[in-house]
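User: I'm new to this one and I keep tripping over the labels people use. Could you walk me through how each label is earned?

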Amino acid sequence: MNDEQAMREALVLAVSPDAPRGENPRVGCLIIRDNGVVVGRGYHRGAGTAHAEIEALEDAGERAAGAAAFVTLEPCRHTGRTGPCADALIEAGVTRVVFGQSDPTDAAGGGADVLRDAGVEVVSGILAEETEAINAEWTFAVGAGRPFVTWKVAVSLDGRVAGPDGGPTAITGESARADVHDLRSTVGAIIVGTGTALADNPSLTVRRDEPMTGAPPLRVIVGSREIAATAQVRDDQALTLIVEADPAEVLAQLYDRGVRHALLEGGPTLASAFLEAGLVDRVVWYVAPLMLGSGPVALPPGASRPMEVAVSEVAVVGEDVRITGMVNYQRVES
């Protein structure tokens, strides 16, 4: 097989069902002999576990000597909870390393140079867009020093997020609600304000047929009002962090806890605060085919700074419509 075919197989490994998203990137690795036979396969299963290269080398054993390694992310050169993958590949006698995405971190990046200095042939950038896409939020987070933030909101056709009393309101249908649980399963934290926690008493858990890999998202409640001990967010289904801080500090605390992608599900007040601070990166907007007539709107007039949303997808989900787009503040303000 050629380099692209091998990298596509490594990509399949990287996104294996039990490869969680989290503090570490998802990575897949193949070890291939000159005759095209795959002798080792591996993928990363989360922070603290063996890296993809180490799994693949263990699978290959002595057959790794003289073989080529295909890795979706540049092999690391640092010692953390596991050792440097670049050194492991050299010690195993791998003579050629092909990778897709360069490692953007100061600590781990530079493995390619280590390999070249040891006489290993290195090829980079194979299927770069595809390999970067599987870790887009992680890549953003390690570059920005804060979690990537997706803002999820469900609105009626007249822009309401709740009925006249402001309490829990079923806006979207069953398919859209299931879609949200799929979205929750991809993040490290779910953020709401105390207003939402008190008004809706949400559980903020992932509920779907397929079991989730890794730990459930951290439940984050932002605000100063007391949350009752009997509230669902106080149960043992997931960890809960209650914090009184501005959006930037909230995200700083989450990053320190290993969160690289956070889902903002709070009401208009909290959403406005994050938007005003320029701390929303993606919008996932569900529109339901109903009119509520009155009640709180997703964003009151003047509640946030101007922004443009570059729509990447419009999809029908059951009876509702989901609009997904990346937020761009600078283009509007320039």
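Analyst: Here is a run through the labels, with the value set against the rule each time.

User: What should I know before reading any values?

Analyst: This is a predicted model, so local features need pLDDT of at least 70 and side-chain atom pairs count only at pLDDT 80 or more, while totals for chains, interfaces and linings use all residues. Residues are numbered from 1 along each chain as its sequence is written, and side-chain values use heavy atoms, with hydrogens and water left out.

User: How do you know that the radius of gyration agrees with a compact globule?

Analyst: The radius is taken over C-alpha atoms, and the globule rule is 2.2 Å times the number of residues to the power 0.38. For 334 residues that gives a value near 20 Å, and the chain has 22 Å, so the two agree. Along the principal axes, the C-alpha atoms fill a box of roughly 70 × 40 × 40 Å.

User: What makes something a helix or a strand here?

Analyst: Both are DSSP runs numbered from the N terminus: helices are H or I with at least four residues, strands are E with at least two. The chain has 11 helices and 13 strands.

User: Why is Cys85 called buried?

Analyst: Buried means under 20% relative accessible area, exposed means over 50%, and partly exposed is in between (1.4 Å probe, protein chains only). Cys85 has 0% relative accessibility, so the buried label fits. Cys76 is buried too, at 5%. Across the chain, buried residues make up 49% of the 334.

User: How do you know that there are 0 disulfides?

Analyst: A disulfide is a pair of cysteine sulfur atoms within 2.5 Å. By this rule the count is 0. Take Cys76: the nearest cysteine sulfur belongs to Cys85 and is 3.8 Å away, so Cys76 is in no disulfide.

User: Why is Glu55 counted as buried?

Analyst: Glu55 sits at 18% relative accessibility, so it counts as buried. This residue is in helix H2 (residues 52-60). Contact means heavy atoms within 4.5 Å. Leaving aside neighbours within four places in sequence, Glu55 is in contact with Arg41, Gly42, Tyr43, Arg45 and Ala50. Glu55 and Gly42 are 13 residues apart in sequence, with their C-alpha atoms 4.6 Å apart.

User: What makes Asp179 buried, and what covers the buried residues of H7?

Analyst: Asp179 has 19% relative accessibility, so it is counted as buried. It lies in helix H7 (residues 174-184), where Ala176, Val180, His181, Leu183 and Arg184 are among the other buried residues. The cover for the buried residues of H7 includes strand S6 (148-155), strand S7 (189-193) and strand S10 (261-264). Not counting residues up to four places away in sequence, Asp179 touches Tyr286, Val317 and Arg322.

User: Why is Asn201 called partly exposed?

Analyst: Asn201 has 31% relative accessibility, so it counts as partly exposed. It is found in the loop between helix H8 (194-200) and strand S8 (218-222).

User: What is the phi of Asn201, and what is that of Leu127?

Analyst: Phi of Asn201 is near 45°, positive in a residue other than glycine. Leu127 has a positive phi too, near 55°. Most residues other than glycine have a negative phi. Leu127 is in the loop between strand S5 (121-123) and helix H5 (128-133), and at 8% relative accessible area it is buried.
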